[in-house]
Amino acid sequence: MSKASIPILLFISLSLVLSACAGGGGSGGYSDNEDERIIVLGFSQLGDESEWRTASTNDIKRAAASAGVQLMFDNAQQQQFNQIKAIRSFILKGVDVIAFCPIVEEGWDNVLEEARAANIPVIVVDREIKTERDDLYTAFIGSDFHREGVKAGEWMVERFADVEGPVRIAEISGTPDSSPTIGRYYGLREVLADNEKFEIVISVSGDFMRSKGRECMEQILLETPDIDILFAHNDDMALGAIEIMEEHGIIPGQDIVIVSVDAQPSGIEALIQGKINCLIECSPYVGDDLMALVFKIVYGLPFPENTFTETRVFTDQDDISTLPTRPGYRP
Ligand code: GYE
C-alpha cells in the first residue's frame, strides 16, 4: 500500500463511523443530507516569513483538499491582531473547527474564551501558547522547540570536544516572544550551562526572515567579529547570514561553524555544499495529522491532546542519500 493511501483510508473509515454516530445535527457544515456533511475548518496562518512557513501553508491546503475538508484560510501577515480578527470571523461564520499557528505565546485568552463560548473546538498548530486557563484549546500539534535547542547544543559540544576553548557563539534568534524562539534559546543554554568552554557572546533577533538574517550578521561582525559558531533559529536567517559572511570573505561552514533549525530544502542544499554544518529538523508537514485530528474531534472520537513531530539531526558528516526528501525536493 502506498503511503498516500493511508490518510485516505483513515478518512473513509472515519466517515463510516460518522454516518453511524451523527444524529441530530443540522448546524455548521451539515447539508440537508447528513451523509454529505462537509467539515469546515477555519485556519489562521501567521504569515509568510520563511520557507518553512510556505511549506506549512502548502501542506495544510493540500491535506485539507485531499481529506475533503473545506478550508477557510487567512494569512495574518505577521500581526497578532490580524490572527485574532480572523479567529473572530471564523466564530461568526460558525465553522466546525478553528486551527491557528500563533505568532507569539501570549495574548490569546479572550478570543479563545469567545470560541469556547461558541462551542467551537480550537487546535493550536506549530507554535505553543500560554493561557491563564488550560482548557482554552482542544489539542496541540507541532514541534518540541526546547528539544531542538538542546540538540543544537549537544551537537556543538560533540563537534568541539577536542577544542580547548573558549568557543564563542553568536545567536540569531527568531520572532521575540514566540515559542520556537523561547524554546530554542533556553534549550541551547540548558546544555551549555555546565560547560564553561562555551560562551554565547551575542544574541540578536532576525524575526525568522532571510533579509533580517543578513542585517543581524552585519551587526554581529561589527560588534563581535571573533566567533566560532553561528546558531541561527532557522535556515532562512542562516542563509542570509551566509551571504553576508561571503561578502566579507569569511568561509561559512569553515571559518564559522553554522548550526540552524528547520532542514527545509535550501538548508539541506547549504548542508550539502558544506556551508551549514548541522541542521536540526523541525517539520512543517503536519497537514494529514491535523485533518485526522479535525475528523476525530468533530465526530467525538478519542484523539491525542498533544502531537509532536520528530526532531532528527543532520550534519555535514552524513551520507547525502540519508538526508530527508521534501515535497518536490530530493537531495
Ligand atoms: O522554525 C521558522 C518559521 O514556528 C516552527 O517559524 C516555526 C518556525 C520555523 O518561520 O522557519
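These exercises work through ring pairs, charges over rings, a sheet with its helices, and one loop residue in a predicted model.

**Exercise 1. Classify the ring pair Phe-140 and Phe-308, and place both residues in the chain.**

Solution.
- Rings whose centres lie within 6.5 Å form a pair, and this rule gives a count of 6 aromatic pairs.
- The ring centres of Phe-140 and Phe-308 are 5.5 Å apart, and the angle between their planes is 50°, so the pair is tilted.
- Phe-140 belongs to strand E5 (residues 139–142) and Phe-308 to strand E11 (residues 306–308); with the two positions 168 residues apart, the pair links distant parts of the chain.
- Under 20% relative accessible area means buried, and over 50% means exposed.
- Phe-140 has a value of 1%, so Phe-140 is buried.
- Phe-308 has a value of 40% and is therefore partly exposed.

**Exercise 2. Do the same for Phe-160 and Phe-198.**

Solution.
- The centres are 6.3 Å apart and the planes of Phe-160 and Phe-198 stand at 80°, so this pair is edge-to-face.
- Phe-160 lies in the loop between helix H5 (145–159) and strand E6 (167–173), while Phe-198 is in strand E7 (residues 198–205).
- The two residues are 38 residues apart, and this pair also links distant parts of the chain.
- Phe-160 has a relative accessible area of 9% and is buried.
- Phe-198 is buried too, at 8% relative accessibility.

**Exercise 3. Which ring lies under the charged end of Lys-61, and which under Arg-189?**

Solution.
- For Lys-61 the ring is that of Phe-73, with the charged end 4.3 Å from the ring centre.
- For Arg-189 the ring is that of Tyr-185, at 3.4 Å from the ring centre.

**Exercise 4. Describe the sheet that contains E5 and E11, and find its edges.**

Solution.
- The sheet is open, has 6 strands in the order E2-E1-E3-E4-E5-E11, and its pairing is parallel.
- Strand E2 (70–75) and E11 each have a single partner strand, so both stand at the edges with one side lacking a neighbour in the sheet.
- On average, and with direction ignored, neighbouring strands are turned by 15° against each other.
- At the E11 edge, E5 and E11 pair in the parallel sense over 3 bridges.
- Ile-141 stands opposite Thr-307 in E11.

**Exercise 5. Which strands do helices H2 and H10 lie across?**

Solution.
- Helix H2 (residues 51–67) lies across strand E1 (40–45), E2 and strand E4 (122–126), and runs at about 160° to E2.
- Helix H10 (residues 287–298) lies across E1, strand E3 (97–100), E4, E5 and E11, and runs at about 170° to E4.

**Exercise 6. How are helices H3 and H4 oriented to each other, and which residues make the contact?**

Solution.
- Helix H3 (residues 80–93) and helix H4 (residues 109–117) pack with axes 10 Å apart, at an angle of about 10°.
- Angles under 35 degrees count as roughly parallel, and H3 and H4 are therefore roughly parallel to each other.
- H3 contributes Ile-84, Ile-87, Arg-88 and Ile-91 to the contact, and H4 contributes Val-111, Glu-114 and Ala-115.

**Exercise 7. Where does Ser-50 lie, and is Ser-50 buried or exposed?**

Solution.
- Ser-50 is in the loop between E1 and H2.
- The relative accessible area of Ser-50 is 6%, so Ser-50 is buried.
- With neighbours within four places in sequence left aside, Ser-50 is in contact with Phe-208, Asn-234 and Asp-236.

Note on methods
Residues are numbered from 1 along each chain as its sequence is written. This is a predicted model: local features need pLDDT of at least 70, side-chain atom pairs count only at pLDDT 80 or more; totals for chains, interfaces and linings use all residues. Side-chain values use heavy atoms; hydrogens and water are left out. Rings of Phe, Tyr and Trp (its six-membered ring) pair if their centres lie within 6.5 Å; planes under 30 degrees apart count as stacked, over 60 as edge-to-face and the rest as tilted. Helices (H or I, at least four residues) and strands (E, at least two) are DSSP runs, numbered from the N terminus. Buried means under 20% relative accessible area, exposed over 50%, partly exposed in between (1.4 Å probe, protein chains only). A charge sits over a ring if NZ of Lys or CZ of Arg is within 6 Å of the ring centre and within 35 degrees of the ring normal. Two strands pair if DSSP finds at least two bridges between them. Axes are lines fitted to C-alpha atoms, for helices over the stretch in contact, and angles run from 0 to 180 degrees between N-to-C directions. Contact means heavy atoms within 4.5 Å. Angles under 35 degrees count as roughly parallel, over 145 as roughly antiparallel, 65 to 115 as roughly perpendicular and the rest as oblique.
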